[in-house]
Amino acid sequence: MAEAVIVSALRTPIGTAFKGALRSTTIYQLAHHVVANAAAALDSIQIDDVILGEGLHGGGVVARHAAIESGLTLVPGLAVNRHCAAGLAAVQSAVASVRAGMDQLILAGGVNSASTAPRTMIPTADDWVAWYPPTHPNQPDAPNMDMSITVGWNAAVRAGVSREEMDAWALRSHRNAVAAIDEGRFAAEIVPIDTPHGLFSVDEHPRRDTTMEKLAALKPLHPEIDGFSITAGNASGGNDAGAILAIADEQLGLPALATVRAWASVGVDPADTGLAPVYAIPKALRRAGLSLSDIDLFEINEAFASMCVATIKLLDIDPDRVNVSGSGCSLGHPVAATGARMLVTLIHDLRRRGGGIGVAAMCVGGGMGSATVIEVSAS
């Protein structure tokens, strides 16, 4: 079986949806930008496919559109959608194809433009209303249009995560992200992008002025629910971004940044969506022949601070090894791009530390979870 290695890992800066620097940048422009930048460092004749996760668009295969715009006319494209893990699933699919010997070089990642996504309207008895594709059949304990309950609140209740713990984790996330920005840690992974509002080169979602006092003052999203403690401050943001990795057969001889050791996805009851990483991480580690103690760094997406804290609690993970450069509460959650963004950041963080083993994991709308294990050799 061929060994699959990651030879390139890059992303755009993450914008705040509807009001940020990428508010006028379409998903096609984001896709073209990351694909073209990744392809520029490679022999385009060797590229077999482009696989991109996309969540808010469909039908046009953004990956193929980006391939053509990037001059890769002979390279096909594939759209992948596993909700929040779409970008992660795209990379997993690419690795599987390379390992199977079907392809030698694939560009894989995810793109998300919440700002420019089309809005679908459906008729009701009296009017037309906005419609979004549901992640799962509606349930009383897991409404399919309110993830603050289905993911955030349910995870907090099941794992006993307090409002103070959520806010403290959100504050830590912002501080870690701001430190990463100030120290230039993202410079190696970000490819700045020209926008109608100027050159965009720095993640804009983290808040430098966040404090526990400010977070504690925010009102819960559902005050009518007794004890409800999910707020805008301890939840992820709505965001725009693109991220991409180049997956290659090691026999091509391209300099490797990382090796994909294993991955796994799981299904859980939709009401337990926030706890899905608790099952996906051990499953992926078993496939890799590793244990939690072998892992140097974790990226656990902060869809809500509660589900990240719950995962750490239930798996007994050292929090100092988790999201060292921020995550969803600070950097934001550009849904279809987030999984790929996590892998990009994880690879570069491990390289700065001289190598090691990392896990990127996330809960996924509809009662799913996914995790990928990578290894970065000592430099």
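**Note on the predicted model**

1. At 15% relative accessibility, Trp 153 counts as buried, because the cut-off for a buried residue is under 20% relative accessible area. The values in this note come from a predicted model.

2. Trp 153 is also a partner in the one aromatic pair that a search of the whole structure finds. The other partner is Phe 228; the ring centres are 5.1 Å apart and the planes meet at 40°, a tilted arrangement. Trp 153 belongs to helix α4 (residues 147–159), whereas Phe 228 is in the loop between α6 (212–217) and β10 (239–249), so the pair ties together parts that are 75 residues apart in sequence. Phe 228 is buried as well, with a relative accessible area of 5%.

3. A further ring, that of Phe 186, has a charged neighbour. The charged end of Arg 11 sits over this ring, at 4.8 Å from its centre.

4. On the surface, a nonpolar patch is formed by Ile 122, Val 129 and Trp 131, which together have about 220 Å² of accessible area. Ile 122 is part of strand β6 (residues 120–123). With a relative accessible area of 32%, Ile 122 is classed as partly exposed, because that class lies between the 20% limit for buried and the 50% limit for exposed.

5. Thr 135 lies in the loop between β7 (128–131) and α4. Its relative accessible area is 23%, so Thr 135 is partly exposed. Leaving aside residues up to four places away in sequence, Thr 135 touches His 83, Asn 144, Met 147, Gly 365 and Gly 366. By contrast, the C-alpha atoms of Thr 135 and Gln 29 are separated by 26 Å, the two residues being 106 apart along the chain.

6. How many of the eleven residues of helix α8 (residues 305–315) are buried? Nine are, so the helix is largely enclosed by the rest of the structure. The buried residues of α8 are Ala 305, Ser 306, Met 307, Cys 308, Val 309, Ala 310, Thr 311, Ile 312 and Leu 315.

7. Which elements do the buried residues of α8 pack against? The helices are α4, α5 (163–182) and α7 (277–288), and the strands are β12 (297–300) and β13 (356–364). Helix α4 thus appears twice in this note: it packs against the buried residues of α8, and it carries Trp 153 of the aromatic pair.

8. The backbone just after α8 also deserves mention. There, Asp 316 takes a positive phi of about 55°.

Terms used:
Residues numbered from 1 in each chain as written. Predicted model: local features only at pLDDT ≥ 70, side-chain atom pairs only at ≥ 80, totals over all residues. Heavy atoms only, no water. Phe/Tyr/Trp six-rings, centres within 6.5 Å; stacked < 30°, edge-to-face > 60°. Helix = DSSP H or I, 4+ residues; strand = E, 2+ residues; numbered from the N terminus. Buried < 20%, exposed > 50% of the residue type's maximum accessible area, 1.4 Å probe, protein only. Lys NZ or Arg CZ within 6 Å of the ring centre and 35° of its normal. Patch = residues over 30% accessible without salt bridge, like charges linked within 9 Å, V, L, I, M, F, W, Y side chains within 5 Å. Areas by Shrake-Rupley, 256 points an atom, 1.4 Å probe, with all protein chains shown as cover. Salt bridge = Lys/Arg side-chain N within 4 Å of Asp/Glu carboxyl O. Contact = heavy atoms within 4.5 Å.
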